[in-house]
Amino acid sequence: MTDGPGPAVRDPGLQPERTRLAWRRTTLSASVAAVLAVKTALHGGLSAAGIIACALCCGLWLGFLRVAHHRIRALAAGSPPPALAPRLATAAVLCAMALAVCAAVLVV
């Protein structure tokens, strides 16, 4: 006797495509924010604090870009995408939060 039909296969539909596009939009907005942060940091001339802030913003932007492109590639693979690894999710959140703190410091 069988217990019923086999396990249901999940049909993700267009969700991976929408998620991939959302990651691309987020990457674009992070790029714009990083460029504006660098412009703001260097606006008054070169200073040690401005150069450090630029280097920090660029490093955080590169870290976020790496995580985002890893996820974009996973979503574009065609098969049902795996869940985002906790390590990558944590890295994305920390980079975004650190960029927000850098932006707040540059504005004040």
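Three helices in a predicted model

Me: What order do the elements run in, from the N terminus on?
Reply: The elements of the protein run α-α-α from the N terminus on, where helices are DSSP runs (H or I, at least four residues) numbered from the N terminus. This is a predicted model, in which local features need pLDDT of at least 70, side-chain atom pairs count only at pLDDT 80 or more, and totals for chains, interfaces and linings use all residues. Residues are numbered from 1 along each chain as its sequence is written, and side-chain values use heavy atoms, with hydrogens and water left out.

Me: Which helix has the lowest confidence?
Reply: Helix 3 (residues 86-107), at a mean pLDDT of 83; pLDDT is the predictor's confidence in each residue, from 0 to 100. Helix 2 (residues 48-75) is highest, at 85.

Me: And what does the protein average?
Reply: The protein averages a pLDDT of 80, and 89% of the residues score at least 70.

Me: Turning to packing, which residues of helix 3 are buried?
Reply: Leu88, Ala92, Cys95, Leu99, Cys102 and Leu106 are buried, that is, under 20% relative accessible area (exposed is over 50%, partly exposed in between; 1.4 Å probe, protein chains only).

Me: Why do they line one face of the helix?
Reply: Seen down the axis of helix 3, the buried residues fall within an arc of 95 degrees, so they line one face. The arc is that of the directions from the helix axis to the C-beta atoms.

Me: What covers them?
Reply: The cover of the buried residues of helix 3 includes helix 1 (15-42) and helix 2.

Me: Which residues are exposed on the other side?
Reply: On that side of helix 3, Pro86, Leu94, Met97, Val101 and Val105 are exposed.

Note on methods. Helices (H or I, at least four residues) and strands (E, at least two) are DSSP runs, numbered from the N terminus. Contact means heavy atoms within 4.5 Å.
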